[in-house]
Amino acid sequence: MTVQDIRSFNRFYTNLIGALDHGRHVYAPYTLTEARILYELAHGTRTDAADLRAELHLDAGYLSRILNGFEQDGLIERGPSEKDPRRRRITLTGRGREAAGLLDERARESVGALLAGVAPDDRTRLTEALRTVRDVLGGGPSAGRGDVLLREPGPGDLGWIVQRNGALYAAEFGWNTDYEGLVARIVADFAEDHDPHLERAWIAEADGRPVGCVMCVRDEAPATARLRLLLVEPDARGLGIGDKLVSAVVDFARGVGYRDLVLWTNDVLAGARRLYQRHGFVLLAEKPHRSFGKNLVGQDWRLVLRAAPE
């Protein structure tokens, strides 16, 4: 490997990326940097201005000018960070989420068109080659916290949520297919009729494969959202993925104006319960029940996102 080898590959890859965005179709009317910022705001869990600056390696003044433009266009809202009042927290408005969603859809279509020309037998080689580049130049295997991507579900991901929930809960807790049926109904309802401004699902992806999921949907109670179907694959636990997923739901629910965030779980899910407690959820009630072929204790939890009007 020589310097010239790296430079040659860089020229090839730069031309390839340029071809994917021929005529600025993918990012229009935004620049590539603006599109990256919108993507981070839509999918990241740390959205303070300082975090964006560090994550994207941007000059503070340059980032500030872009954010000012976003705010003038009604794409973002800014306020004090809840973790550190000295920082500024950035959240997407409904219009901002629409813009980010459109850019993400265009990017998926562009990359999908590129992969359509790759023979099936070569896709595995390509995946391994990309992973090797990341591992070697990134300083080691890419299994750390920073390599986890939270994204919206793509084709087949909702089916993956059903399949993995059914398989994992059967393997770990002995639950029968009643649970898989419940998950299938939840996912089907979301797929057929959800408000993208008020409801969302996330897939956690690492090394190009899904390793976790969660949903935020409207509850029957007024101004209340419900966290559903939190799952992290066993081989991806301990990397902070569950924390990222719950943070994404909390930030989204608070950002779109919900007053409360609730969830229902069972006492056997000790790891998930500890995670909810760390995020400030409070146990409201417990009730024994017979479900999924087991005797369980159901639990209702709530997190207050903002005070109710007096």
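## Salt bridges

A salt bridge is taken here as a side-chain nitrogen of Lys or Arg lying within 4 Å of a carboxyl oxygen of Asp or Glu. In this predicted model, Arg151, Asp157 and Glu205 are joined by such contacts into a network, and the structure as a whole holds twelve salt bridges. Side chains of opposite charge can pair when their charged atoms come close.

One of these contacts is made by arginine 89 and aspartate 251, whose closest N and O atoms are 3.7 Å apart. This pair links distant parts of the chain, since arginine 89 belongs to strand E2 (residues 88-92) and aspartate 251 to helix H9, with their positions 162 residues apart in sequence. Arginine 89 has a relative accessible area of 15% and is therefore buried, whereas aspartate 251, at 24% relative accessibility, counts as partly exposed. Another salt bridge joins arginine 226 to aspartate 219, with 2.8 Å between the closest N and O atoms; aspartate 219 has a relative accessible area of 22%, and so is partly exposed. The side chains of arginine 259 and aspartate 260 also meet in a salt bridge, at 3.6 Å from N to O. Within that pair, arginine 259 counts as partly exposed because its relative accessibility is 22%, while aspartate 260 counts as buried because its value is 10%.

## Helix H9

Helix H9 covers residues 241-255, and its 15 residues reach 21 Å from the first C-alpha to the last, close to the 21 Å expected at 1.5 Å a residue. The helix is mostly covered, with eleven of its 15 residues buried. The buried residues of H9 are Ile241, Gly242, Lys244, Leu245, Val246, Ser247, Ala248, Val249, Val250, Phe252 and Ala253. Aspartate 251, the partner of arginine 89 in a salt bridge, instead counts as partly exposed, because its relative accessibility is 24%.

After H9 comes glycine 257, which has a positive phi, near 100°. Alanine 253 of H9, one of the buried residues of this helix, can also be placed relative to threonine 224: the two are 29 residues apart in sequence and 8.6 Å apart in space, C-alpha to C-alpha. Threonine 224 is found in strand E6, and this residue is buried because its relative accessible area is 6%, under the 20% limit.

## The second largest pocket

The second largest pocket has a volume of about 850 Å³. Its lining consists of 39 residues, of which Tyr169, Leu230, Leu231, Ala272 and Tyr276 are the closest to its centre.

Several elements contribute to the lining of this pocket, and at least two residues each are supplied by helix H7 (157-173), helix H8 (177-192), strand E6 (224-232), H9, strand E7 (260-266) and helix H10 (270-278). Strand E6 gives the largest share of the lining, seven residues. In strand E7 lies asparagine 266, which counts as buried because its relative accessibility is 2%. Asparagine 266 and glutamate 286 stand 20 residues apart in sequence and 8.8 Å apart in space, C-alpha to C-alpha.

## Loop residues with positive phi

Most residues other than glycine have a negative phi. Histidine 57, although it is not a glycine, has a positive phi of about 55°. This histidine lies in the loop between helix H3 (49-56) and helix H4 (60-72), and with a relative accessible area of 72%, over the 50% limit, histidine 57 is therefore exposed.

Alanine 223, likewise not a glycine, has a positive phi of about 55°. Its place is in the loop between strand E5 (209-218) and E6. Alanine 223 counts as partly exposed because its relative accessibility is 31%.

## A nonpolar surface patch

Phe9, Phe12, Tyr13 and Ile17 make a nonpolar patch of about 390 Å² on the surface. Isoleucine 17 belongs to helix H1 (residues 3-20), and this residue counts as partly exposed because its relative accessibility is 31%. That value satisfies the requirement for patch residues of over 30% relative accessible area.

How values were computed: Residues are numbered from 1 along each chain as its sequence is written. This is a predicted model: local features need pLDDT of at least 70, side-chain atom pairs count only at pLDDT 80 or more; totals for chains, interfaces and linings use all residues. Side-chain values use heavy atoms; hydrogens and water are left out. Patches are made of residues with over 30% relative accessible area and no salt bridge: like charges are joined within 9 Å, nonpolar side chains (Val, Leu, Ile, Met, Phe, Trp, Tyr) within 5 Å. Accessible areas come from the Shrake-Rupley method with a 1.4 Å probe; for residues, only the protein chains shown count as cover. Helices (H or I, at least four residues) and strands (E, at least two) are DSSP runs, numbered from the N terminus. Buried means under 20% relative accessible area, exposed over 50%, partly exposed in between (1.4 Å probe, protein chains only). The expected span of a helix is 1.5 Å times one less than its number of residues. On a 1 Å grid over the protein atoms alone, a cavity is a set of points where a 1.4 Å probe fits but cannot get out, and a pocket is an open set with protein on both sides within 12 Å along at least five of seven lines; lining residues have an atom within 4 Å of a point. Grid points are joined across faces, edges and corners, and a volume is the space filled by probe spheres set on the points.
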